[in-house]
There are 2 protein chains.
Amino acid sequence: MKNRLKVLRAERDWSQQDLATRLEVSRQSVNAIETGRYDPSLPLAFRIADVFGLAIEEIFLREE
Amino acid sequence: MKNRLKVLRAERDWSQQDLATRLEVSRQSVNAIETGRYDPSLPLAFRIADVFGLAIEEIFLREE
DNA sequence: TCTATATGTAAAGTATCATTGTCATAGGAG
DNA sequence: CTCCTATGACAATGATACTTTACATATAGA
């Protein structure tokens, strides 16, 4: 499951640590999700969507 | 994390087994998700959204 | 009553998510 | 060069997600 986290972070000039802090997860989790090593849980996906002010479908993509 | 699975199934007159078959998961998984014992993984949430033709946000609710 | 379908729950096992701790590399600033 | 930040990755551990098998209840129909 692909995602647009890296681009969305870049648009806001947030480091992985910045995003992790806003999500209240570890930096390693942000890195693992961003690099596609695993997908977030559904509740975390909702928090990610909230932090960026987007729908889950606008961040995570069905392809791949 | 609440969800509208029971209502959406009823609208389509699908049993838990019907939905499980469409999702390619066990009936017990559908039951567990529907009764709130656990949340689906993100990929499964996408499949659920696809099966109902809705957005994830229209099926799973932030409240609770 | 007997049978079939639908639903809820439990135990036990495997796979995935998320954590902490650690290491390594690259780039910029002093 | 040294220090700091950012990023990527791995191991070990605990928590969740999902599986199969199984048992229980309720309801509807012949």
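**DNA strand C and the aromatic pairs**

Let me begin with the surface near DNA strand C, where the largest share, three residues, comes from α3(B); please keep in mind throughout that this is a predicted model. At least two residues each are supplied to that surface by α3 (27–34) of chain A and by α1 (5–12) and α3 (27–34) of chain B. Sorted by class, the surface has four nonpolar, eight polar and six charged residues.

Of the 18 residues around the strand, those that come nearest are S29(A), Y38(A), S41(A), Q16(B) and R27(B), and sugar and phosphate make up 60% of the atoms of DNA strand C that come within 4 Å of the protein. Turning to individual contacts, the side chain of S41(A) has an N or O atom 2.6 Å from a phosphate oxygen of the strand, and a polar side-chain atom of K6(B) lies 3.5 Å from a phosphate oxygen, whereas R27(B) places a polar side-chain atom 2.8 Å from a base oxygen.

Now to the aromatic residues, for which a search of the whole structure finds two pairs over all chains. In chain A, W14(A) and F52(A) are stacked, at 5.5 Å centre to centre and with 25° between the planes. Because W14(A) lies in the loop between α1 (5–12) and α2 (16–23) and F52(A) in helix α4 (residues 42–52), this pair ties together parts of chain A that are 38 residues apart in sequence. Both W14(A) and F52(A) are buried. In chain B, W14(B) and F52(B) form a stacked pair, again with 5.5 Å between centres and 25° between planes.

Finally, the charged end of R12(A) sits over the ring of W14(A), 5.9 Å from its centre, and R12(B) lies over the face of W14(B), at 5.9 Å from the ring centre.

Notes:
Residues are numbered from 1 along each chain as its sequence is written. Chains are lettered from A and ligands numbered from 1 in the order in which they are written. This is a predicted model: local features need pLDDT of at least 70, side-chain atom pairs count only at pLDDT 80 or more; totals for chains, interfaces and linings use all residues. Side-chain values use heavy atoms; hydrogens and water are left out. A residue is near a molecule or strand if one of its heavy atoms lies within 4 Å of it. A polar contact is a pair of N or O atoms within 3.5 Å; within protein, one must be able to donate a hydrogen and the other to accept it, and residues adjacent in sequence count only if both atoms are side-chain atoms. Helices (H or I, at least four residues) and strands (E, at least two) are DSSP runs, numbered from the N terminus. Ala, Val, Leu, Ile, Met, Phe, Trp, Tyr, Cys and Pro count as nonpolar, Asp, Glu, Lys and Arg as charged, and the others, Gly among them, as polar. Rings of Phe, Tyr and Trp (its six-membered ring) pair if their centres lie within 6.5 Å; planes under 30 degrees apart count as stacked, over 60 as edge-to-face and the rest as tilted. Buried means under 20% relative accessible area, exposed over 50%, partly exposed in between (1.4 Å probe, protein chains only). A charge sits over a ring if NZ of Lys or CZ of Arg is within 6 Å of the ring centre and within 35 degrees of the ring normal.
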